[in-house]
Every structure is written in structure tokens, then in C-alpha cells.
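Look at the sequence and the fold below before reading on. The paragraphs that follow go from the whole chain to its domains, then to the ligand and one helix.

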Amino acid sequence: MRILVTGGAGLIGSHLVDKLMEKEKSEVIVADNYFTGSKDNLKKRIGHPRFELIRHDISRPLFVEIDQIYHLACPASPIFYKYNSVKTIKTNVMGTLNMLGLAKRLRARILFTSTSEVYGDSLEHPQKETYWGNVNPIGVRSCYDEGKRMAETLMFDYHRQNGIEIRIARIFNTYGPRMNIDDGRVVSNFIAQAIRNEPLTVQLPGTQTRSFCYVLDLVDGLTQLMEGTDTGPINLGNPGEFTMNELAKAVQELINPEVQISEVENTPDDPRQRKPDITKAKEVLGWEPKVNLHEGIPLMEDDFRQRLGVPRT
Ligand SMILES: O=C(O)[C@H]1O[C@H](OP(=O)(O)OP(=O)(O)OC[C@H]2O[C@@H](n3ccc(=O)[nH]c3=O)[C@H](O)[C@@H]2O)[C@H](O)[C@@H](O)[C@@H]1O
């Protein structure tokens, strides 16, 4: 089995590669343009005879011979995807078209990592897969959430029109070791700030919620979805819901009780509440997350301390 992972040098992609490489007969090809991914995340794989790393931007066609595609490529941090919004759209639309064209030529099964952002500033809580979302089509986040929505549409149209085997995961806020220290998302920001003894920047109002999923739990969900029979979309996330104030307190308590918490301005269109309904994932895949936030934060802290060169005192 030869498997292509787009965006395989990122947080989720690199952990997914580790899991895929465990199977003795699998060959893994990663395509990544390193816009947010890092070769460092794959360093223990480089040189392995069953592994290949290609610097490639998937908004351009890719000609490889493979059996399965995990299509993850796209910047995931709001700071990065807004920084080059047109590129974000190209990755989601042209990139997904290219991957679907590849899947069509080779009759390969393709899994697309969509996002909770397709629900936008949700008017339903928690979010079920049947909810169509509340998304601003012309806002600063639209490149990402509308881009992912369009990619889902493309997946289903290729499935209906060409019989392509598709799988769609809607991923809710993932965190874990290997996250870019300057990624800009909230868990990595707070952990890096706590280690550096800089104030934790809670964006106002601080009562907005997110549900954070540990990366290894998520990767198990992705492989189960790929190997199962359901097209999805299926929510993959941890239903434990926290306000940003609560997250800051948890980081303070677990990493640095002395660290200050400061309130800073928020950015436009920030979703107010987010929590996955994972009934479908439990029923269809028998999947649910195992690592809660209080267990996951210290695992990520270990990795950040090592990379920042700040041991526990
Ligand atoms: O994982 C998801 O489900 C999606 O959500 C993320 O977007 P968001 O949840 O806004 O990610 P963060 O930037 O981590 O923000 C989460 C919350 O923390 C707050 N925040 C962020 C950064 C910070 O320093 N302080 C802070 O309070 C934000 O205002 C927001 O309410 C990203 O769009 C995608 O990675 C992803 O697809």
C-alpha cells in the first residue's frame, strides 16, 4: 500500500506519518510546501526506505502512483491562513481539485481533513454533522472556512459524478507535541507564554469556548475513518469544552502559577462557542478521544520545554 499525505510535515500530518509507517508493508510519500510545516517533524523518517518527502505545493498538479491519499495540506492557524488568504483558497480549491484528479486517475481512496470552521459562528450547540453552518462568505476567515466548505463540495461531487471513494473528517481544535511554537493558536501561545513567563494573552471576551483534541487521539480517528466504509463527514474532536479564561487558568495551574493573564483585543468573526457532537464517530467508527486537556497539556509542555531549552525547575 502506497500512501500520499499532503501537508505531512505539519502537526497532524507528521503524527499520522508515524502511525502509517508502523505497518510494515506501507510506503508513505509526504508532499509539503513548508509554508507552516517543518522538516524537523519528520526527521526520524528521512532516509527510511519506505518514506519519501517531496517539496511540493499542491495547488499545482502532482504525478505520483499511490493507493490512498490523506489530503491535509492547508495552513491551520488563523494568523497563517489570513496572512496569505488567496494562497489558502488556492490550497483548498485547486489543491483539492488536483488531489481528486489524482484519486480519479488511480481509483485511489481520498480522505480530506475538513474543520469545525465549516460550522462558522455556530447557532447550534454542540455541533452535529447535519448542521449547515453560519459562515460569513466575505470575512477575513472566509478563505479558510469557505475554502474548506468548497473542498467538501468538490469531494462529494467527485464521489457522485465519478464514483471516487471519499472520506471527510471535520476536525476540532487539535493540539500536541510538534506544534509550531510560534503557530499563533491558543494552546501553543499559552504554553509558550507560560514557559517564557510572559503574560497569557486571553483574547476578549475570554468566555468564547473551544474543545481541544490531543493529536494522537485525532490521528487514530483519521485512520479509522480511512479504513471504514462511511464517507463522512464525521466530527473528530474532544467534547470537553473550555472557555479561554478556563484554558488560561489550566495552563497557569499546570505550568506556571506565577504567570500573569492579560486581556487583549480579539479578531473579527471569532466563533463564540465550539463543541463537537461525536455521536456519529462513536457509532460509525467506535472512536472517542482518550486524552483529556489536563493530561495533554503536560505532554505538550515537555516538547516545548525541550525545543525552547527551558527545563522544568
Ligand atoms: O481546529 C479547528 O477546529 C479550527 O479552528 C482554528 O481556529 P480557532 O479555534 O479560532 O483557533 P485559535 O487561534 O487557537 O483560537 C481559539 C480561541 O482562542 C482565542 N485566543 C487565541 C490566541 C491567543 O493568544 N489567545 C486567545 O484567547 C481566540 O480568540 C479564539 O477564541 C483554526 O481555524 C483551525 O486550526 C481549525 O480548523
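**From the chain to one helix**

An unreviewed UniProt entry places the feature "domain: NAD(P)-binding" at residues 4–299. In this span, 37% is helix and 18% is strand, and the end C-alpha atoms lie 28 Å apart. The model shown here is predicted. Its protein chain has an average pLDDT of 97, and 100% of the residues score at least 70. For the model, the ipTM is 0.96 and the pTM is 0.97.

The domain assignment of the protein chain gives domain 1 (2–173 + 214–236) and domain 2 (175–210 + 240–274 + 290–308). The plus signs can be followed along the sequence: domain 1 is listed with two segments and domain 2 with three. Between the C-alpha centres of domain 1 and domain 2 there are 25 Å. The contact takes 24 residues from domain 1 and 19 residues from domain 2. On the side of domain 1 that touches domain 2, helix H1 (11–21), helix H2 (78–83) and helix H6 (215–227) each supply at least two residues. Sorted by class, this side of domain 1 has nine nonpolar, 12 polar and three charged residues.

Next comes the ligand. Which domains supply the shell around the ligand? The shell draws at least three residues from each of domain 1 and domain 2. There are 21 residues around the ligand, and Ala76, Thr115, Arg185, Val186 and Gln203 come nearest. By class, the shell has eight nonpolar, nine polar and four charged residues. Helix H5 (186–196) and strand E8 (200–203) each supply at least two residues of the shell. Strand E8 gives the most, with three residues.

Helix H5 can now be followed on its own. Are its residues mostly covered or mostly open? Helix H5 is mostly covered, with 10 of its 11 residues buried. Val186, one of the residues that come nearest the ligand, is among these buried residues of H5. The run of buried residues in H5 continues with Val187, Ser188, Asn189, Phe190, Ile191, Ala192, Gln193, Ala194 and Ile195. What do the buried residues of H5 pack against? Their partners are strand E7 (174–175), strand E8, helix H7 (244–255) and helix H9 (293–308). Strand E8 therefore appears twice in this account, as a packing partner of H5 and as a supplier of the ligand shell. Just after H5, Asn197 takes a positive phi of about 55°.

Methods: Residues numbered from 1 in each chain as written. Predicted model: local features only at pLDDT ≥ 70, side-chain atom pairs only at ≥ 80, totals over all residues. pLDDT = per-residue confidence, 0-100. Near = placed C-beta within 6 Å. Helix = DSSP H or I, 4+ residues; strand = E, 2+ residues; numbered from the N terminus. Nonpolar A, V, L, I, M, F, W, Y, C, P; charged D, E, K, R; others polar. Domains from an automatic or database assignment. Contact = placed C-beta atoms within 7 Å. UniProt positions renumbered as here; feature names shortened; annotations may be inferred. Buried ≥ 20, exposed ≤ 12 C-beta atoms within 10 Å, placed from the backbone.
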